[in-house]
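The following note is offered to a colleague who is meeting this structure for the first time. Please read the numbered points alongside the sequence and the model.

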Amino acid sequence: THASIQDNKQSNMISFKAFIVAAVLALTISCPSALGHPAAENNESDSPFAQAIATLDSKTFKATFYMLGGERGITFIGVIDTSVGATGEYPYHVHEKPVPANGDCEATGGHFDPYKKKGATCDRASLAECEQGDLSGKFGKLSINTVNKGKTDFITYQDGSINLADNEQSITNRSIVVHSPDGKRIACANIVKQPINFGTIFST
């Protein structure tokens, strides 16, 4: 599910708390590991769920992605500050390499594509053909528009094709890169495996 919530800040906070609880509950229900069963081998972690964060903060785009791992993949929660950046549709992907110390988004390599789809057409109707790192192809581009401009926007979805483990499907030690509507790399951040402080999300 790809959800968006726009309202005043107080209503946003109340609605998003319920939104996060629902997202985590959905993950719990869908993942046997959350119900006390062993996690699948390809999603082993040091905690009941592997967790990771990527914080993108540039002059033209600002967002934080929270990732909760489970037996059935990763649940993404995105918090987008739409006061930063022009209106438009922004593609974004997991890239194969981390961001270097100098912050050069061009050094992150191509899209994460372990099964060599090599830029195949990707949309909801052709998920089997998608590069695994093509998040906007699978779940839609990040949108800044006249409705949500200047507000905090939220998205969530579950991607079963990637995980936070140590295998060929893992996005650990890679990066998330956001492109401008015309394709330029404008923001990037490393995917850092760490516990998520949900109080921080709720205070957004």
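## Notes on one loop, one sheet and the disulfides

1. The model is a predicted one. The points below begin with a serine and its loop, then turn to the sheet and to the cysteine pairs.

2. The side chains of S180 and D182 are joined by a polar contact of 2.2 Å. S180 itself sits in the loop that runs between strand 8 (175-179) and strand 9 (185-190).

3. Is S180 buried or exposed? Its relative accessible area is 10%, and because the limit for a buried residue is under 20%, S180 counts as buried. When neighbours within four places in sequence are set aside, the residues in contact with S180 are Y90, P91 and I186.

4. The strands on either side of this loop pair with each other: strand 8 and strand 9 run antiparallel and share five bridges. One of the pairings places H179 opposite R185 of strand 9 as its bridge partner.

5. Strands 8 and 9 belong to an open sheet of three strands, in the order 5-8-9, with antiparallel pairing. Strand 5 (92-95) and strand 9 are the edge strands; each has a single partner, so one side of each lacks a neighbour in the sheet. From one strand to the next, the twist averages 25°.

6. How many disulfides are there? The count is two. With the bonded cysteines counted along the chain, the disulfides follow the pattern 1-4, 2-3.

7. One disulfide is formed by C105 and C188, whose sulfur atoms lie 2.1 Å apart. This pair links distant parts of the chain, 83 residues apart: C105 is in the loop between strand 5 and helix 2 (135-139), while C188 is in strand 9. The torsion about the S-S bond of C105 and C188 is about -90°, and the disulfide is therefore left-handed. C105 is buried, at a relative accessible area of 12%, and C188 is buried as well, at 15%.

8. The disulfide between C122 and C130 has an S to S distance of 2.0 Å. Which hand does the disulfide of C122 and C130 have? The torsion about its S-S bond is about 95°, so the disulfide is right-handed. C122 is buried, with a relative accessible area of 14%; C130 is also buried, at 6% relative accessibility.

9. Strand 9 deserves a second look when the points are read together. Strand 9 is an edge strand of the sheet, it follows the loop that holds S180, and it carries C188.

Notes. Residues numbered from 1 in each chain as written. Predicted model: local features only at pLDDT ≥ 70, side-chain atom pairs only at ≥ 80, totals over all residues. Heavy atoms only, no water. Helix = DSSP H or I, 4+ residues; strand = E, 2+ residues; numbered from the N terminus. Buried < 20%, exposed > 50% of the residue type's maximum accessible area, 1.4 Å probe, protein only. Polar contact = N/O pair within 3.5 Å; in protein donor to acceptor, adjacent residues only side chain to side chain. Contact = heavy atoms within 4.5 Å. Pairing = 2+ DSSP bridges. Axes fitted to C-alpha atoms, helices over the stretch in contact; angles between N-to-C directions. Disulfide = S-S within 2.5 Å.
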